[in-house]
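Visitor: Please show me the model, and then let us go through a few of its local features together.

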Amino acid sequence: MKKILASSIFGLSMALSSVVMAEPVKIGVITTLSGGGAGLGVDVRDAFVLAVKQSGNEDIELVIEDDAQKPELAVQLAEKMIQSDKVDLMTGIIWSNLAMAVVPSAVAQEVIYLSPNAGPSQLAGDKCSPNYFNVAYQNDNFHEAMGEYANQDYKKTFILAPNYPAGKDSLTGFKRYYKGELAGELYTQVGQTDYAAEIAQIRDSGADSVFFFLPGGMGISFMKQYAQSGVNIPVLGPGFSFSQDVLPAVGDAALGVKNSSSWSKDLDNEANKKFVEAFQAEYNRLPSLYAAQSWDTANLIVSALSKASVKDKDAFREALKAADFASVRGSFKFNNNNHPIQDIYVREVVKEGDVLTNKIIATAFEQHGDAYASECKM
């Protein structure tokens with residue numbers, strides 16, 4: 001009788017220990033929901049909310065705030081979430097300057113932060129942290145891919161980006177792999193909307209191609225003005241500047257542009273098909289790269305919660321590191337610095353009916369990591 005009772009108790013304890021998802025979990029989501037970059041943050045928010053909804057986990061509570069793309073506001077919101085809301089995890093930030101303002105303090109307070117987008121080099125290198133996971137990319141990665149791809153056809157490229165951490169990382173990444181000559185290199189103002197002077201410089205530079213990183217409204221303004229200028233030098237860019245959320249605003253000026261991304265709606269795997277279908281059904285629009293990264297971030301968290309309690313930081317970090325979830329990107333794993341190792345593709349902007357979108361035309365890198373992992377001491 002004692003043996004039966006002991007066995008029953010043991011079985012019950014094992015069953016209880018496996019039901020870790022019944023524990024309430026509070027996740028703070030700080031993202032950009034107003035201003036010129038709002039489209040990016042709306043996609044991050046919408047995909048995250050939908051992924052949590054589809055997971056069936058009713059014990060996840062989301063605290064969602066708008067940073068309005070202001071670092072000082074993002075810092076205030078983060079402190080409120082940590083000190084007052086007592087969040088267990090944080091995510092959502094789009095912009096690298098905001099990430100650098102928020103993440104170091106958050107992780108120092110033992111809050112686990114998962115980035116669905118921003119990937120500044122400092123957080124991949126000597127400022128890496130066991131409490132920081134980047135589920136998107138390291139900032140240089142997509143630009144490295146376009147530098148590699150540009151070598152096929154171009155010998156003299158003009159490059160430009162905004163003057164903030166991601167902009168500097170972008171041009172550093174492009175130059176790391178590009179073997180040709182630079183016709184010019186410019187850093188523009190963050191939030192700039194008039195690019196007449198830059199386009200004049202491009203026209204007079206003798207460039208045979210242009211590579212730019214201008215996310216959100218900046219890229220929309222540049223591409224419209226570039227098309228109107230009559231300059232017909234081929235344009236290359238990262239996927240952010242030709243993501244699904246900005247293509248309708250850019251219009252036909254984007255057609256034919258080659259851009260790099262770790263994700264595309266036409267990636268042929270079951271997780272991606274389900275994601276695209278679910279997002280379209282819920283929001284009546286195609287998802288963007290930002291939505292795909294946020295969807296993966298949410299599903300990574302859900303997978304980790306099924307294995308470990310968020311209160312047990314060591315076990316939960318280990319569960320996150322395992323990346324045991326079905327990524328819409330296909331193959332996905334973390335490097336030693338908690339940044340992705342993944343394939344990076346080259347896409348071309350095309351029209352499907354009346355809808356501008358992207359299709360994959362090449363693979364730039366297979367299982368690509370980042371240049372800063374060796375500086376991370378984890």
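Guide: Just after helix H8, glycine 206 adopts a positive phi of about 80°. This is a predicted model, in which local features need pLDDT of at least 70, side-chain atom pairs count only at pLDDT 80 or more, and totals for chains, interfaces and linings use all residues. Residues are numbered from 1 along each chain as its sequence is written, and side-chain values use heavy atoms, with hydrogens and water left out.

Visitor: Within what arc do the buried residues of H8 fall, seen down its axis?

Guide: Helix H8 spans residues 196-204, helices being DSSP runs of H or I with at least four residues and strands runs of E with at least two, numbered from the N terminus. Its buried residues (buried meaning under 20% relative accessible area, exposed over 50%, partly exposed in between, with a 1.4 Å probe and protein chains only) are Glu198, Ile199 and Ile202. Taking the directions from the helix axis to the C-beta atoms, these residues line one face of the helix, because they fall within an arc of 95°.

Visitor: Which exposed residues does the face of H8 turned away from its buried side carry?

Guide: The buried residues of H8 pack, by contacts of heavy atoms within 4.5 Å, against strands S6 (156-162), S7 (181-188) and S8 (209-212) and helix H9 (217-229). The face turned away from that buried side carries the exposed residues Ala197 and Asp204.

Visitor: What is the relative accessible area of serine 262?

Guide: Serine 262 lies in the loop between strand S10 (258-261) and helix H11 (270-283). Not counting residues up to four places away in sequence, serine 262 touches residues including Phe142, Arg329 and Tyr345. Serine 262 is buried, and its relative accessible area is 1%.
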